[in-house]
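Hi,

Here is the structure I promised to send over. Have a look at it first, and then read on for what turned up among the aromatic side chains.

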Amino acid sequence: MEFKKPPDGGWGWVIVLASLFTQFLCYGSPLAVGVLYIEWLDAFGEGKGKTAWVGSLASGVGLLASLGCGLLYTATVTITCQYFDSRRGLALGLISTGSSIGLFIYAALQRLLIEFYGLDGCLLIVGALALNILACGSLMRPLQSSDCTLPEKIALENVPDRYSIYNEKEKNLEENINILEKTCRGEETCKSTLASGDWKPESLLHKNPTTMAHTKETETYKKKVAERTYFCKQLAKRKWQLYKNYCEETVALFKNKVFSALFIAIFLFDIGGFPPSLLMEDVARSSNVKEEEFPMPLISIIGIMTAVGKLVLGILADFKWINTLYLYVATLIIMSLALCAIPFAKSYVTLALLSGVLGFLTGNWSIFPYVTTKTVGIEKLAHAYGILMFFAGLGNSLGPPIVGWFYDWTHTYDIAFYFSGFCVLLGGFILLLATLPSWDTCNKQLPKPAPTTFLYKVASNSSNV
């Protein structure tokens, strides 16, 4: 299916605005869950690893809210890519700043709500605010494909014709009618006719007008039942065919080595890169940094710098001379170094600086859809992005509990963040190796050399004299 040419503007800017507010309302609270994490530690009195499951599931997979967030994120990214081509990096950067601005605002808002209404009241108010996503969704109009019009309402009688896949309609209808005719043999009229050994429907119709009317109704009923039976069979075949096509397309995606490397990189990135946004406040408390020294919450610094990073990286992605895939790899490698530096930060200033660096580099989310589009194409974006987002959510869910377990085991965050940095670094190197031009050169078969031709000169007889 080919979509219409992206307008790169017009109603697309309304899509950008609606998508920005959608991500603001959807991801603001889950990303600022670090504020709630401190409250949950005090309320439940459990270990950091077990308590981290609450925040990680809220931002990953497994809960109803996170399922909705995943669907909303994929929808906003896909529709924005449909509306923009030459300005796609800018548009993606703008909509993805919504979640970062939400993180910055919700971090302070949730603290105030907890002070005035308690933890339960805070969660109720945040849930009520999320209902405004319905208004944003009403503004999104996907582009229609260039080779088809809007589907018309199909009458029930015409459905079998529309769903005929294997050109078996006549055969299936006759088989269904024959099956139904066999059931008629249980009726009294059929019994009497079979007992006499003479099956003549014409003689029955002429004998009694009531019987003739009843037979017409029976024939009409049998035909409708046969049509509906045929429709169900064709619909089941069609759904099975769609399922097979989906599986084949998924296998084809993973045969693309860059997509496979991207899948590994995003999974490892979310295992290692997400914990700081959830645990940074507790890292400061574990480093004996007093709350009075906090002019601004560390999570808010991460949020505002993530917004800046998404916008800057999104603008850079639109430059023709910048390879977006290498830009994404660079953010992963630098982030791994920043994660490994967290154990050496023992003051609010150093933690704030590292939070700003990590927040800026986390802005690579704005170019990730761009990278995915360049890897698989706009036609397969929704399919490929859905797979990648599933495993990204899985990484979000696993990362904070793993870091929390390391703390419960060692009573320090040092080994935990070394592990996080190693995961992000490994994902970056795997993606880098998959995208190097020399990799393709090594896989290409060298052309076979042309056969060598030898010229022989016949010696003359005079030379032997």
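**Aromatic residues in the model**

Both Tyr407 and Tyr413 are buried. Please keep in mind as you read that this is a predicted model.

Let me start with the ring pairs. Counting rings whose centres lie within 6.5 Å of each other, the model has 17 aromatic pairs. One of them is formed by Phe406 and Phe419: the ring centres are 5.4 Å apart and the planes meet at 45°, so this pair is classed as tilted. Phe406 belongs to helix α18 (residues 381-410) and Phe419 to helix α19 (residues 414-435), so the pair links distant parts of the chain, with the two positions 13 residues apart. As for how covered these two rings are, Phe406 has a relative accessible area of 17% and is therefore buried, while Phe419, at 29%, counts as partly exposed.

The two tyrosines I opened with also make a pair. The ring centres of Tyr407 and Tyr413 are 4.6 Å apart with the planes at 35°, so this pair is tilted as well.

There is also a group of rings to look for: Phe254, Phe259, Phe263, Phe390 and Phe391 together form one aromatic cluster.

Now for the tryptophans, which I took one at a time.

- Trp11 has a charged neighbour: Arg141 lies over the face of the ring, 4.1 Å from its centre.
- Trp53 is in helix α3 (residues 48-59). With a relative accessible area of 28%, this side chain is partly exposed. Leaving aside residues up to four places away in sequence, Trp53 touches Ser397, Leu398, Pro401 and Trp405. The C-alpha atoms of Trp53 and Gly399 are separated by 9.3 Å, although the two residues are 346 residues apart along the chain.
- Trp321 is in the loop between α14 (298-317) and α15 (324-341). Its relative accessible area is 68%, and since anything over 50% counts as exposed, Trp321 is exposed.

Which residues accompany Trp321 in a nonpolar patch on the surface? They are Leu311, Ile315 and Phe319, and with Trp321 the patch has about 420 Å² of accessible area.

If you open the model in a viewer, you could begin with Phe406 and Phe419, the tilted pair, and then turn to Trp53 and its contacts, among them Trp405. The surface patch that includes Trp321 would make a good last stop.

Best wishes

How values were computed. Residues are numbered from 1 along each chain as its sequence is written. This is a predicted model: local features need pLDDT of at least 70, side-chain atom pairs count only at pLDDT 80 or more; totals for chains, interfaces and linings use all residues. Side-chain values use heavy atoms; hydrogens and water are left out. Rings of Phe, Tyr and Trp (its six-membered ring) pair if their centres lie within 6.5 Å; planes under 30 degrees apart count as stacked, over 60 as edge-to-face and the rest as tilted. Helices (H or I, at least four residues) and strands (E, at least two) are DSSP runs, numbered from the N terminus. Buried means under 20% relative accessible area, exposed over 50%, partly exposed in between (1.4 Å probe, protein chains only). A charge sits over a ring if NZ of Lys or CZ of Arg is within 6 Å of the ring centre and within 35 degrees of the ring normal. Contact means heavy atoms within 4.5 Å. Patches are made of residues with over 30% relative accessible area and no salt bridge: like charges are joined within 9 Å, nonpolar side chains (Val, Leu, Ile, Met, Phe, Trp, Tyr) within 5 Å. Accessible areas come from the Shrake-Rupley method with a 1.4 Å probe; for residues, only the protein chains shown count as cover. A salt bridge is a side-chain nitrogen of Lys or Arg within 4 Å of a carboxyl oxygen of Asp or Glu.
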